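Colleague: I would like to take a close look at a single part of this model, at a pace that suits a first-year student. Please take me through it step by step once the structure is in view.

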Amino acid sequence: MLGAIIMAVLVETAVVHMLVSQWISWVAWILTASGISSIVWLLRDFNAARLNPSLLTESGLHLRTGLRWRADIDWTDVLGTHDEQPAEEESVSMTLFGQPDFWLEFKQPILVHGPFGIKRNVRFIGLGVDDSGGFRTAIQSRIPT
């Protein structure tokens, strides 16, 4: 999927450069640099997701979504899991692509760090994982009662 997105950005960047350069060449070069910068960001995001996976440990969850979102959560803060998407203002989706498989609910808002220094306090985090059933079972077995 990443390859297809990069190819689309390359084609779009080339076409936009050719069209805009007919009128204002320096603007065409700025737009081309922006397209190349987008490709570099996508590659860095993919590499960050590969090198920094989300982890389920005895002390809690260490959630990472490439260069986008990250959160460290203690098991004592987790209330449960849900299938339904909660209200948008109190949630964040931590998936690389697509919709979350399930949502984690917390007893109180937790701090999530986003891109460009964004910080949000949320009560729900949406997760998309390879083995959602196994991951969800592992989470539920570690939630204190």
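Is Ile-73 buried or exposed, and what is its relative accessible area?

Modeller: Before I answer, please keep in mind that this is a predicted model. Ile-73 is buried, because its relative accessible area is 3%, and buried is the word used for anything under 20%. The residue is found in strand β3, which runs over residues 69–74. Leaving aside residues up to four places away in sequence, Ile-73 touches Ser-59, Gly-60, Leu-61, Leu-63, Val-78, Phe-106, Ile-110 and Ile-125. Several of these partners can be placed in strands: strand β2 covers residues 60–65, while β4 covers 78–82, β6 covers 102–113 and β7 covers 119–127.

The strand holds a second residue that is worth a look, for Ala-71 also has its place in β3. Ala-71 is buried too, with a relative accessible area of 2%. Its contacts, again without residues up to four places away in sequence, are Leu-61, His-62, Leu-63, Arg-64, Met-94, Leu-111, Val-112 and Ile-125. If you compare the two sets of contacts, you will find Leu-61, Leu-63 and Ile-125 in both.

Distance along the sequence and distance in space are separate matters, and these two residues let you see it. Ala-71 and Ile-143 are 72 residues apart in sequence, and their C-alpha atoms lie 17 Å apart in space. Ile-73 and Trp-29, by contrast, are 44 residues apart in sequence and 44 Å apart from C-alpha to C-alpha.

To see where β3 sits, it helps to step back to the chain, which has 3 helices and 7 strands and, read along the sequence, follows the pattern α-α-β-β-β-β-β-β-β-α. The C-alpha atoms fill a box of roughly 65 × 25 × 25 Å along the principal axes, and the radius of gyration is 19 Å, where a compact globule of 145 residues would have one near 15 Å. Buried residues such as the two in β3 make up 34% of the 145 residues. Among contacts between residues at least 6 apart in sequence, 53% join residues at least 24 apart.

A further strand offers another buried residue, Ser-91, which belongs to β5 (residues 91–94) and has a relative accessible area of 6%. Ser-91 touches Pro-86, Trp-103, Arg-120, Val-122 and Phe-124, when residues up to four places away in sequence are not counted.

The helix α3, residues 132–142, has Phe-135, Arg-136 and Ile-139 as its buried residues. They lie on the same side of α3, because they cover an arc of only 100 degrees around the axis. An α-helix has 3.6 residues a turn, so residues three or four places apart point the same way. What covers the buried residues of α3 includes β1, β2, β4, β6 and β7.

Strand β2 leads on to the largest pocket, which has a volume of about 420 Å³. Of the 19 residues that line this pocket, Ser-54, Arg-64, Leu-96, Gly-128 and Val-129 are the closest to its centre. The largest share of the lining, 3 residues, comes from β2, and the lining as a whole divides into 9 nonpolar, 7 polar and 3 charged residues.

How values were computed. Residues are numbered from 1 along each chain as its sequence is written. This is a predicted model: local features need pLDDT of at least 70, side-chain atom pairs count only at pLDDT 80 or more; totals for chains, interfaces and linings use all residues. Side-chain values use heavy atoms; hydrogens and water are left out. On a 1 Å grid over the protein atoms alone, a cavity is a set of points where a 1.4 Å probe fits but cannot get out, and a pocket is an open set with protein on both sides within 12 Å along at least five of seven lines; lining residues have an atom within 4 Å of a point. Grid points are joined across faces, edges and corners, and a volume is the space filled by probe spheres set on the points. Helices (H or I, at least four residues) and strands (E, at least two) are DSSP runs, numbered from the N terminus. Ala, Val, Leu, Ile, Met, Phe, Trp, Tyr, Cys and Pro count as nonpolar, Asp, Glu, Lys and Arg as charged, and the others, Gly among them, as polar. Buried means under 20% relative accessible area, exposed over 50%, partly exposed in between (1.4 Å probe, protein chains only). The arc is that of the directions from the helix axis to the C-beta atoms. Contact means heavy atoms within 4.5 Å. The radius of gyration is taken over C-alpha atoms; the globule rule is 2.2 Å times the number of residues to the power 0.38.
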